[in-house]
Structure formats: structure tokens, C-alpha cells
Amino acid sequence: MSHGDTIPLHSSSQSDIDEIENLIYSNPSTVLPARPPSPPRAAIPVSSSPFMPSNLRPPPPPTSTTTNNYKPTPVPAIPSPPPLPSSGQSNIAATGFGSPPNTLTEPVWDTVKRDLSRIVSNLKLVVFPNPYREDPGKALRDWDLWGPFFFIVFLGLTLSWSASVKKSEVFAVAFALLAAGAVILTLNVLLLGGHIIFFQSLSLLGYCLFPLDVGAFICMLKDNVILKVVVVCVALAWSSWAAYPFMSTAVNPRRKALALYPVVLMYVSVGFLIIAID
């Protein structure tokens with residue numbers, strides 16, 4: 001069979017082709033849809049209000065009976081805070097609550113009065129009998145160095161006034177002896193394992209000089225050797241009694257003598273200066 005030969009179609013196939021051509025040429029613009037159209041979708045309502053409408057029914061309006069029987073629930077009143085004391089910040093700082101008072105903007109006289117009251121309070125706790133003498137932490141919890149500095153300077157001035165010659169040298173020797181002695185005694189207690197703060201020990205030893213200050217002032221007024229010996233002995237006993245409970249409780253009981261002996265030796269040296277200066 002060659003390429004030019006044709007095969008005749010079947011009569012039924014030819015009729016189908018003719019029918020399709022008739023349909024195409026009769027309605028050329030009509031195109032059957034490939035699939036049925038999709039059903040329309042429901043539209044979503046858009047509202048400008050930020051709140052969604054509620055389907056609940058609104059509550060009925062109150063009637064006259066309901067209004068008459070309605071009683072509002074009493075709300076308990078909040079109690080007002082107690083008034084602050086008149087002293088203000090000083091009492092708050094004394095109890096340990098709140099911020100400390102601002103001492104940079106207060107008047108100078110208020111600062112002087114506060115320091116003087118602290119010196120008097122610490123002097124009573126150290127030198128005079130009180131229930132806190134057996135506990136150094138309670139006795140000198142609010143320690144300061146103004147009181148010891150004042151007592152050292154006062155003793156040096158008293159000894160220099162009592163001297164007839166070389167007053168400045170007497171003051172320098174007394175001041176150096178007391179200041180260096182307090183530092184050495186404090187280091188001695190710390191090296192013995194004492195549980196005490198360095199400056200707290202300096203404050204204690206300085207306050208214990210108060211009896212010797214009184215004795216030196218009396219000896220300056222009355223130039224009598226016998227009176228000087230008696231007054232100095234009483235002042236030495238008083239100063240040693242004041243320093244004993246603090247130094248003895250700060251170190252181990254086995255080392256108590258090692259801590260007390262240098263203290264008594266320094267006070268004896270000061271007493272000797274009071275008697276010897278003429």
C-alpha cells in the first residue's frame with residue numbers, strides 16, 4: 001500500500017462527522033461550558049464598630065418595686081494611716097526603717113546638737129553603770145570618733161596648762177601617747193582574735209579616758225601631791241573598770257590578761273604624767 005492510497009470511511013463514521021460539522025457551522029458563537037458554575041458564596045458583613053453585636057436580649061428596665069427594694073452594698077472604708085510623729089525623719093532612722101536623714105542640707109546647729117547628744121549617750125553607756133555594759137555590740141552600736149578626739153585633746157590641753165614650761169611639747173607628747181596607744185591597743189585586741197571593729201575599739205578606749213580627764217582637771221586646779229595621787233588612783237580604777245567588760249568579752253577568756261594588761265599600762269602612763277607635771 002502506497003502513501004497515496006486512501007481508505008474509505010464507514011458509513012456510520014461519515015454520518016457522525018457530518019453531524020458535528022452541521023452543529024459547528026449552525027451555531028458558531030455558542031460554546032458549551034466546560035463545567036457548571038460554582039454556587040454564590042455568602043458575604044461577610046463588615047462593621048466599623050470594634051465591638052461585636054450581642055444576640056442576648058437587653059435586661060428589662062427596672063420597675064418601681066425593684067427600685068424601692070434595692071439597697072446598695074456598703075463598701076468598707078479604708079482606714080487612714082496614722083499621723084507621722086513630729087520628729088519626722090530622725091525617729092524613722094532611729095527605728096531602722098526608711099532612708100537615713102539627709103545631713104548635707106541641715107543647719108550646722110542641728111548637726112552639732114546631734115553629735116553632742118551621741119557623745120553624751122555613748123559616754124553614759126561606756127563610763128557609767130548600765131545594763132548594756134556586758135555586751136559591747138549593744139553598748140557602742142552607734143560608735144563615733146568625735147568623743148574620743150575631744151577627750152584626747154582636752155587631756156593634752158589640761159596637761160599643757162598644768163606645765164610651767166614647754167607647754168607645746170607636753171601637749172604633743174600627751175596627744176601622741178594617747179593616739180598611738182589607742183591604735184596599738186586596738187591592733188593588739190584584733191591580733192588576739194578579738195571580735196570587735198577597729199574604729200569601735202578606738203572609740204571605746206577614747207571614752208574610757210573621761211575619768212582621767214576629770215582627774216587631770218582637778219589636779220590642775222589643786223596643786224597638791226597627795227591630792228593628785230588620790231585623784232589619779234581613783235581615775236585609774238574608774239577607767240580600768242570602764243574598759244574591762246568590753247575588752248574581756250571581745251577576746252578569748254584564755255587571752256583576757258593579754259588584752260587588758262596593755263590597756264591598764266597606758267592608763268598608768270597617763271596617770272604618771274598627771275602627777276609628774278608641775
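V112 counts as partly exposed, because its relative accessibility is 33%, which falls between the 20% mark for buried and the 50% mark for exposed. In this predicted model, V112 sits in helix α4, the run covering residues 108-127. V112 also helps make a nonpolar surface patch, together with V108, W109 and L116. From there, helix α4 is a handy place to start the tour, before moving on to K228 and the spans that UniProt marks as transmembrane.

**Helix α4: the nonpolar patch**
- The patch made by V108, W109, V112 and L116 comes to about 430 Å².
- V112 makes the patch list with its 33% relative accessibility, since patch residues need over 30%.

**Helix α4: the salt bridge**
- The structure holds one salt bridge, and the partners are K113 and D110, whose side chains meet at 3.9 Å, N to O.
- That N to O figure of 3.9 Å makes the cut, because a salt bridge here needs the nitrogen within 4 Å of a carboxyl oxygen.
- Side chains of opposite charge can pair when their charged atoms come close.
- Both K113 and D110 belong to helix α4, and they are three residues apart, or about one turn of the helix.
- K113 is partly exposed, because its relative accessibility is 41%.
- D110 is partly exposed too, with a relative accessible area of 31%.

**Helix α4: S121**
- S121 is another resident of helix α4, and at 35% relative accessibility it counts as partly exposed.
- W143 is 22 residues from S121 along the chain, yet their C-alpha atoms are separated by 9.9 Å.

**Helix α10: K228**
- K228 lies in helix α10, which takes in residues 225-250.
- K228 is a buried lysine, because its relative accessible area is just 6%, and buried means under 20%.
- Setting aside neighbours within four places in sequence, K228 touches C219, K222, D223, I274, I275 and I277.

**Transmembrane spans from the record**
- An unreviewed UniProt entry places "transmembrane region" features at residues 145-163, 170-191, 197-218, 225-246 and 258-277.
- Take residues 170-191: that stretch is 100% helix and 0% strand, with end C-alpha atoms 31 Å apart.
- Residues 197-218 come out at 86% helix and 0% strand, and here the end C-alpha atoms lie 33 Å apart.

Terms used: Residues numbered from 1 in each chain as written. Predicted model: local features only at pLDDT ≥ 70, side-chain atom pairs only at ≥ 80, totals over all residues. Heavy atoms only, no water. Patch = residues over 30% accessible without salt bridge, like charges linked within 9 Å, V, L, I, M, F, W, Y side chains within 5 Å. Areas by Shrake-Rupley, 256 points an atom, 1.4 Å probe, with all protein chains shown as cover. Helix = DSSP H or I, 4+ residues; strand = E, 2+ residues; numbered from the N terminus. Buried < 20%, exposed > 50% of the residue type's maximum accessible area, 1.4 Å probe, protein only. Contact = heavy atoms within 4.5 Å. UniProt positions renumbered as here; feature names shortened; annotations may be inferred.
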